[in-house]
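Let's walk through this structure together, starting with the sheet and working outwards. Keep the 3D view open as you read.

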Amino acid sequence: MLTVDFDRLRVGRRTRFIDVGAGAGRHSYEALRRGADVIAYDMDEVELKGVDGMFGAMQEVGEVPPGGTGQVKVGDILDMPYEDGTFDVVLASEILEHVPQDERAIAELVRILAPGGILAITVPRWLPERICWALSDEYHANEGGHIRIFKADALQAQVEAHGLQLTHREHAHALHAPYWWLKCAVGVNRDQHPAVRAYHQLLVWDMMKAPVATRLAEKALNPLIGKSVALYFHKPF
């Protein structure tokens, strides 16, 4: 399940790509499939071991085009061990809502982006996220949880203050918003609740089968209740 449009990111062979806050690696895998030089960067060493293993498995079964590379790196978004302008594409998906010092994090993302490169940031969208917070403290008030709700215009202004230019904004995952509202209503850890299980099965079926009807429905609903907002920026030369 991808939150960003890789065609819009122009990821291809030899693209220098870093996935900051890579987690389980979903975006890193897609970049590697396109032949990029990929760094999956995260604080969670355990998660990254799984990502590293998947990189190796992809190589073994021939899913990686010639020249594509995948590496993992444990580190902090506030102090990334890379020189200025190292990467053609910098992705930070669903991470800034967890970071207390978001201004400093944004400055680091901009710093490591090469002139002419693309920065993509995704965060939970204000309205769906606000409903989750209203329904459940447990959803966000936990260690490592969401500490703020972004408004897209304010986040855009934060990034533009560093000299980048917004090129596109879009919403994603509208079908996932009601799922999280449901989980917040019944208890975020009650995964075996009948309604939660049924909705989860629907989402899995949708991701595996990708039927046209649900794709069209999500496209229509994304502007209204898309769970995430994605912002794309260009760094001038």
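The paragraphs below take up the sheet, the cores, a buried threonine, the aromatic pairs, a helix residue and two unusual backbone angles.

Please keep in mind that this is a predicted model. A good place to begin is the sheet. Seven strands make up an open sheet with mixed pairing, and their order is β3-β2-β1-β4-β5-β7-β6. Which strands stand at the edges? They are β3 (69–74) and β6 (165–172); each has a single partner strand, so one side of each lacks a neighbour in the sheet. From one strand to the next, the twist averages 15°.

Now follow β4 within that order. On one side, β4 is joined to β1 by four bridges, and these two strands run parallel. Along this pairing, Asp19 stands opposite Leu91, and Val20 stands opposite Ala92. β4 is also joined to β5, here by six bridges, and this pair runs parallel too. Ala92 has Ile121 as its bridge partner in β5, so you can trace Ala92 to a partner on β1 as well as on β5. How covered is β4? Six of its seven residues are buried, which leaves this strand mostly covered. Against the sheet packs α4, in touch with β1, β4 and β5, and its direction makes about 145° with that of β5.

With the sheet in view, turn to the nonpolar residues. In soluble globular proteins, nonpolar side chains tend to be buried together. Here the largest nonpolar core has 31 residues, and those with the most contacts inside it are Ile18, Ile77, Val90, Leu96, Leu109, Leu119 and Leu155. Elements giving two or more residues to this core include the strands β1 (16–20), β2 (37–42), β4 (87–93), β5 (113–124) and β7 (228–234), along with the helices α4 (102–111) and α6 (152–160). Another core, of 23 residues, lies apart from it; Ala22, Tyr29, Val64 and Ala230 are among its members.

Leu96 is a handy residue to click on in the largest core. Beyond its neighbours within four places in sequence, Leu96 is in contact with Ile77, Ala105, Ile106, Ile121, Val123, Arg148, Phe150 and Leu155. Two of the names in that list, Ile77 and Leu155, also appear among the core residues with the most contacts.

Next, look at Thr122, which sits in strand β5. Is Thr122 buried or exposed? Its relative accessible area is 1%, and because buried means under 20%, Thr122 counts as buried. The side chain of Thr122 makes a polar contact of 2.5 Å with the side chain of Glu94. Leaving out residues up to four places away in sequence, Thr122 touches Thr3, Val4, Ala92, Ser93, Glu94, Ile95, Glu97, Val229 and Ala230. Ala92, the residue bridged to Ile121, is thus found again in the surroundings of Thr122.

The aromatic rings come next. A pair of aromatic rings is described by the distance of the centres and the angle of the planes. The model has seven aromatic pairs. One of them is Tyr82 with Phe87, an edge-to-face pair with 5.1 Å from centre to centre and 80° between the planes. Both partners are buried: Tyr82 has a relative accessibility of 17%, and Phe87 has a relative accessible area of 4%. Tyr179 and Trp180 form an edge-to-face pair as well, at 5.8 Å centre to centre and 75° between the planes. In this pair, Tyr179 is buried at 9%, whereas Trp180 is partly exposed at 29%. Ring pairs also link Tyr139, Tyr179, Trp180 and Tyr199 into a cluster.

Tyr179 leads on to Val196, a residue of helix α8 (residues 194–209). Val196 is buried, with a relative accessible area of 1%. Not counting residues up to four places away in sequence, Val196 touches Tyr179, Leu182, Lys183, Val186, Arg190 and Asp191. How far apart are Val196 and Ala92 in space? From C-alpha to C-alpha they are 28 Å apart, with their positions 104 residues apart in sequence as the separation.

Finally, have a look at the backbone. Most residues other than glycine have a negative phi. Arg10, although not a glycine, has a positive phi of about 60°. Arg10 is placed in the loop between α1 (6–9) and β1 and counts as exposed, at 56% relative accessibility. Ala210 also has a positive phi, near 45°. The place of Ala210 is in the loop between α8 and α9 (212–225), and Ala210 is partly exposed, with a relative accessible area of 42%.

Terms used: Residues numbered from 1 in each chain as written. Predicted model: local features only at pLDDT ≥ 70, side-chain atom pairs only at ≥ 80, totals over all residues. Heavy atoms only, no water. Core = buried A, V, L, I, M, F, W, Y, C linked by side-chain atoms within 4.5 Å. Buried < 20%, exposed > 50% of the residue type's maximum accessible area, 1.4 Å probe, protein only. Contact = heavy atoms within 4.5 Å. Pairing = 2+ DSSP bridges. Axes fitted to C-alpha atoms, helices over the stretch in contact; angles between N-to-C directions. Polar contact = N/O pair within 3.5 Å; in protein donor to acceptor, adjacent residues only side chain to side chain. Phe/Tyr/Trp six-rings, centres within 6.5 Å; stacked < 30°, edge-to-face > 60°.
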